[in-house]
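Please look through the structure below step by step, with the text beside you as a guide. The paragraphs move from the backbone to the enclosed spaces, and then to the contacts between side chains.

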Amino acid sequence: HFYALLTGKGWAYLRHRALPEQVAAVNALGEVGIEFPRENERLYPQSTLAAHVLGFAPVDGAGGMGVESAFDARLTSTDQRGVPLTLSIDSRVQGALESELYFGMTDQRALGAAGIVLDANTGEVVAMASLPVFDPNKLGHDDAARRNEVVQSRYELGSAFKPISIAAAMDYGTVTSMAKRYDATAPLKVGGFHIKDDHPLGRWLNVPETLVHSSNIATARIADE
């Protein structure tokens with residue numbers, strides 16, 4: 001606090017969001033050089049819920065990230081004051097996603113976790129979570145916790161493409177039987193490359209075996225069809 005008074009600036013903040021009793025105590029000092037202006041601020045009643053989606057808005061600045069940043073002009077517009085900004089996020093799904101992610105992260109002793117739930121019909125984001133999380137009401141200096149791993153980090157889908165490819169093949173009518181078999185006896189040449197299996201079985205595989213053994217070769221054949 002005293003450092004703020006000794007900076008040599010024309011003025012300096014002593015504290016943001018001072019409690020009423022603190023304001024009363026300082027005011028009782030009778031120091032005319034101290035003012036108590038009221039300022040707009042954003043409060044987050046559900047604490048850390050969907051923190052990375054919502055972002056934060058510092059008392060003395062524009063939105064720092066997330067919705068607060070993307071829609072800052074809309075949220076601070078005097079013409080739109082009092083008009084809610086509706087998101088596609090479902091707080092119930094968001095809460096469930098965060099809870100399951102936290103359980104998985106602690107169970108596996110992981111450094112972080114991320115997840116997203118989309119509406120399959122519209123592509124709307126129903127829930128998005130990234131752990132570790134931060135509290136937008138109590139911003140600290142841990143920038144790592146503010147990183148939204150869902151949209152700010154690269155993630156190679158890898159084997160996640162296999163169930164997606166097989167599901168698409170079922171939707172299109174390419175795969176009509178789980179007993180249908182595909183040649184995985186040798187690497188598959190595509191252009192100047194060879195698609196190999198990490199744990200080659202050297203035989204023909206049916207659709208369930210393709211997933212169970214995570215066969216790159218058989219999945220590529222299914223996708224090609």
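Helices (H or I, at least four residues) and strands (E, at least two) are DSSP runs, numbered from the N terminus. This is a predicted model, in which local features need pLDDT of at least 70 and side-chain atom pairs count only at pLDDT 80 or more, while totals for chains, interfaces and linings use all residues. Residues are numbered from 1 along each chain as its sequence is written, and side-chain values use heavy atoms, with hydrogens and water left out.

With those names in hand, begin at Pro132, which is found in the loop between β2 and α7 (149-152). The peptide bond that leads from Leu131 to Pro132 is cis, and its omega is near 5°. Two other backbone features belong to the loop between α2 (20-27) and α3, where both Ser47 and Ala50 are placed. Ser47 has a phi near 55°, which is a positive value in a residue other than glycine, and the phi of Ala50 is likewise positive, near 55°. To describe how open such residues are, we call a residue buried under 20% relative accessible area, exposed over 50%, and partly exposed in between (1.4 Å probe, protein chains only). Ser47 is partly exposed because its relative accessible area is 31%, whereas Ala50, at 8%, counts as buried.

Strand β2 (residues 125-131) contains Val126, which is buried because its relative accessible area is 17%. Which residues does Val126 contact, once its neighbours within four places in sequence are left aside? With contact taken to mean heavy atoms within 4.5 Å, they are Ser88, Ile89, Asp90, Val93, Val117, Leu118 and Asp119. One of these partners, Ser88, is 38 residues from Val126 in sequence, yet the two are 5.7 Å apart in space, C-alpha to C-alpha.

The next topic is empty space. On a 1 Å grid over the protein atoms alone, a cavity is a set of points where a 1.4 Å probe fits but cannot get out, and a pocket is an open set with protein on both sides within 12 Å along at least five of seven lines; lining residues have an atom within 4 Å of a point. Grid points are joined across faces, edges and corners, and a volume is the space filled by probe spheres set on the points. By this rule there are two cavities of 30 Å³ or more. The largest cavity holds about 40 Å³, and its lining includes Ala50, Met128 and Leu131. Two or more residues of that lining come from each of α3 (51-54), α6 and β2, and β2 gives the most, with four residues. The second largest cavity, with a volume of about 30 Å³, has among its lining residues Ala184, His199 and Ser215.

The second largest pocket has a volume of about 510 Å³. It is lined by 17 residues, of which Tyr44, Leu54, Glu68, Leu85 and Leu87 are the closest to its centre. Both α4 (66-70) and α6 (91-108) supply at least two residues each to this lining.

Ser215 leads on to helix α10, for it caps the N-terminal end of that helix, with a side-chain oxygen 3.5 Å from the backbone nitrogen of Ile217. Within α10 (residues 216-224), the residues Ile217, Ala218, Thr219 and Ile222 are buried, and what covers them includes α8 (161-171), β3 (181-184) and α9 (207-212).

Finally, the structure holds four salt bridges, each being a side-chain nitrogen of Lys or Arg within 4 Å of a carboxyl oxygen of Asp or Glu. One of them joins the side chains of Glu225 and Lys180 (3.1 Å, N to O). Glu225 lies in the segment after α10 and Lys180 in the loop between α8 and β3, so this pair ties together parts that are 45 residues apart in sequence. Glu225 counts as exposed, at 51% relative accessibility, while Lys180, at 30%, counts as partly exposed. Another salt bridge links Asp90 and Arg92 (2.8 Å, N to O), and here Arg92 is exposed, with a relative accessible area of 68%. Arg203 and Glu209 also meet in a salt bridge (3.3 Å, N to O).

Key. A polar contact is a pair of N or O atoms within 3.5 Å; within protein, one must be able to donate a hydrogen and the other to accept it, and residues adjacent in sequence count only if both atoms are side-chain atoms.
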